[in-house]
Amino acid sequence: MNHLHDLPRYCPDCGVTLTEEDDLAVEYWQGEQRIYHVWCRTCSWAGDITRVRRMVGHEPAD
Amino acid sequence: MLSQEHNDTLTRVGPGTPMGELLRRYWYPVAIAQDLEEFPVKRVRLLGEDLVVWKQPDGEYGIIQERCPHRHASLAYGVVEADGLRCGYHGWMFDREGSCLDQPAEPEGSNFKVKVDVFTGRAQELGGLIFAYLGPDPSPQLPRYEAFVMEGIRDIGHSVLPCSWLQIMENAVDPHHVEWLHGRYFQFLAEKQGFTAPGAFQKKHVSTAFDAFDHGIVKRRLLEGQSEESDDWRIGHPLVFPYQMWVGGNGLYQMQIRVPVDDETTWFLLYTIHKPEGVEPPVQDGPIVSYEFPFLDERGHHIVDYIEGQDVMAWVTQGRIADRTAEHLGKSDVGILMLRRMFKENIAAVEDGNDPLGTVREPHEVVELPLEKDKFGAGYAFATQWIDQGSMRYSPQKDALKQLHLDAAIERGEVELEEVDS
Ligand code: FES
Ligand SMILES: [Fe+2]
Ligand SMILES: [Zn+2]
C-alpha cells in the first residue's frame, strides 16, 4: 500500500496547504485504524486525521 | 511512518539544514576536560563539522574549524600559545574570536591577515566536560543542569555510536522498551547463558504519559503493582531537549548525553553521579573517572548482556539513519510523535527568529529537573544492579562505587551487616 497517497494536504483549521518542508504528518496505527498526526506550522494546530470507512456506534463491553 | 522528506529534515544536522540551524542554538560536550589536561589540543567533530578545541595557558578554551585557511593543514597539529592557536605548518596564528593574529612568513608590514576569515565557536568547561557552541551570537548561557554541578562521585562512560542521534532520542520517549529489551530479552539471554537478569525491569507497564515542560518532555510510567502515588508516575523523569535525558533513582543520578557528531554518528555519554542517601555526600578527589565502554564483541556482534549494550543494539541495528518511511508506529509510540512535533515546532521557532525550547539567557547557579527518587520500587538493589549490569561494569572504579552504595544502605538500615557478610 502506498502510505503517502492520502497524506493530509490542507490544515483542517486554517486551510493552508501543508508542505513536507514546513509542516509535519506522521502516520501511526490504533488497532486497524490508520491515523495521521498532523502539525500545522502556520496556525500551530495539532491533531489526528483519519479516514473513517464504517461508522461504529456504541460498542457494548464484553 | 514519515515521508522521506520529513525523515531528511529531522535527521540532517549539517550547517544550513533546518535541523542543523535548530541544533546550533545549544551547547554540546565535545571533549572530556581531563583529555585537554593531558594534551591541550584535540580534534573533535560536532554537527557535521570538523573542529579543533584547545586549552590556553590562562585556562580559557577555544574551538576553531579544523582546516587552517592558509593551505588546509589540520590545526589539531597546532601549537598552543598565550593568546591563540598557531598552525603547525607555517605558523599562522588565530585567537578564540577567529582573528588571524600572525602570518610569520609574510613580508613585514603585510596586512594580508585581516583578509583571512576563520570560523570559531565558543567553548567552556562544566562538570568535567568541555562544551561547545557553534551558533550565532549572542550565545545563550550554558545551562548548569543539576547533573553538572551537584555533589557526589562522578563516573563517565562513553562510546561513539554509528547511528543518528535522533534514534537515541526517540528511545528516550519509549518507556515500553524497558520491560521488553531490559526485561524479557534480558531474561531470555540469562536463561540461555546461565546468569541472573535484574528483576527491576520486568514489571509490566500499565500506563505511560508525556508532558511538555520548559526543558523538554517529562515521561511517566505506572507499572503493575504500583499506585498512582509512586515516584515513577507522580514525578517521572525528563527528556532534556534536544539531546539529553535525565534519569536516576536510589542514589544514582545520570545524564544520558547524545551528541550529534554528524547525521550518522553519535557520541553517547553516560554521565553518572553517585550520591546515596544516608551518608555525607562523597567528595570527588582527583580527576573524574572516564572510560570507553565496548558495545561489539570480537566477532562484531553486539554485546547484549548489559543494559546500555541492549539499548545500543536497538539503536544501531535500526541503521545509520533509520528508514522511517518503512516504520509502523502504534499507539505505544505516541511519545515519538510528540518528540518529532517538538522538533518541527522548534525548527520553526528558530526560523522565525525566536529562541527554541530550553534556551537559558539568564546567568544562574543551577537548572533543576524533575526526577523520581524511588525507581521501580526497587531500593538499594536497583543501584547495585545498575552498576553490575549496566555500562558501569566497565568502570575502573566499579568496586568503590558499589561499596559506597552498600555503606549507605547499611547506614539507612536497609541492609543488615550479617546479610552482607554471609
Ligand atoms: S518490536 Fe519494536 S523494533 Fe521490533
Ligand atoms: Fe533502554
Ligand atoms: Zn493551520
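How much space lies in the largest cavity? In this predicted model, about 300 Å³ of space lies in the largest cavity, and the legends below begin with that view before turning to the metal sites, the sheets and the largest pocket.

**View 1. The largest cavity and its lining in chain B.** Two cavities of 30 Å³ or more are counted in the model, and the largest of them holds about 300 Å³ of space. Its lining consists of 20 residues, among which V178(B), F201(B), M245(B), V247(B) and Q256(B) lie nearest the centre. Helices and strands of chain B contribute to this lining, with at least two residues each from α6, β13 (216-223), β15, β16, α8 and α10 (379-389).

**View 2. The iron ion (ligand 2) with its donors in chain B.** The iron ion (ligand 2) is coordinated by NE2 of H177(B), by NE2 of H182(B) and by two OD contacts from D311(B), at 2.0 to 2.6 Å. Because the angles subtended by the four donor atoms run from 55 to 151°, the arrangement around the iron ion (ligand 2) is irregular; a tetrahedral assignment would require all angles to lie between 85 and 135 degrees. Along the chain, the donors of this ion are spaced H-x4-H-x128-D. H182(B) belongs to helix α6 (residues 177-193) of chain B and D311(B) to helix α8 (residues 307-316) of chain B, so this pair ties together parts that are 129 residues apart in sequence. Both of these donor residues are buried: H182(B) has a relative accessibility of 3%, and D311(B) has a relative accessible area of 7%.

**View 3. The eight-stranded open sheet of chain B.** The strands of this sheet follow the order β12-β13-β14-β15-β16-β17-β11-β18 (chain B), and their pairing is mixed. At the edges stand β12 (205-213) and β18 (289-292) of chain B, each of which pairs on one side only. From one strand to the next, the twist averages 20°. Within the sheet, strand β15 (residues 244-249) and strand β16 (residues 252-262) of chain B are paired in the antiparallel sense over six bridges, and G249(B) has L252(B) in β16(B) as its bridge partner. β15 and β16 of chain B also appear among the elements that each supply at least two residues of the lining of the largest cavity, which links this view to the first.

**View 4. Strand β1 of chain B and its antiparallel partner.** Strand β1 (residues 28-32) of chain B has five of its five residues buried, so it is largely enclosed by the rest of the structure. Four bridges join β1(B) to strand β10 (residues 129-133) of chain B, and the two strands run antiparallel. One of the residues to inspect here is P29(B), whose bridge partner in β10(B) is F131(B).

**View 5. The zinc ion (ligand 3) with its cysteine donors in chain A.** The zinc ion (ligand 3) has as its protein donors the SG atoms of C11(A), C14(A), C40(A) and C43(A), lying 2.3 Å from it. Their angles at the ion range from 106 to 113°, which makes the arrangement of the four donor atoms around the zinc ion (ligand 3) tetrahedral. The donor residues follow the sequence spacing C-x2-C-x25-C-x2-C. Accessibility distinguishes two of these donors, for C40(A) is buried at 0% relative accessibility, whereas C43(A) is partly exposed, with a relative accessible area of 27%.

**View 6. The three-stranded open sheet of chain A.** This sheet has the strand order β1-β2-β3 (chain A), with antiparallel pairing. Its edge strands are β1 (24-30) and β3 of chain A, each pairing on one side only, and the twist averages 30° from one strand to the next. Five bridges connect β2(A) and β3(A) in the antiparallel sense, and V38(A) has G47(A) as its bridge partner in β3(A).

**View 7. The largest pocket and the strands of chain A that line it.** The largest pocket holds about 320 Å³ of space. Of its 16 lining residues, D6(A), R34(A), T50(A), R51(A) and R53(A) are the closest to the pocket centre. The elements giving two or more residues to this lining are β2 (33-39) and β3 (46-50) of chain A, and β2(A) gives the most, with four residues.

Conventions:
Residues are numbered from 1 along each chain as its sequence is written. Chains are lettered from A and ligands numbered from 1 in the order in which they are written. This is a predicted model: local features need pLDDT of at least 70, side-chain atom pairs count only at pLDDT 80 or more; totals for chains, interfaces and linings use all residues. Side-chain values use heavy atoms; hydrogens and water are left out. Donors are N, O and S atoms within 2.8 Å of the metal (3.2 Å for Na, K and Ca); water is not among the atoms, so sites may look incomplete. Four donors count as tetrahedral if all angles lie between 85 and 135 degrees; four count as square planar and six as octahedral if opposite donors are over 155 degrees apart and all others between 65 and 115; anything else is irregular. Buried means under 20% relative accessible area, exposed over 50%, partly exposed in between (1.4 Å probe, protein chains only). Two strands pair if DSSP finds at least two bridges between them. Axes are lines fitted to C-alpha atoms, for helices over the stretch in contact, and angles run from 0 to 180 degrees between N-to-C directions. On a 1 Å grid over the protein atoms alone, a cavity is a set of points where a 1.4 Å probe fits but cannot get out, and a pocket is an open set with protein on both sides within 12 Å along at least five of seven lines; lining residues have an atom within 4 Å of a point. Grid points are joined across faces, edges and corners, and a volume is the space filled by probe spheres set on the points.
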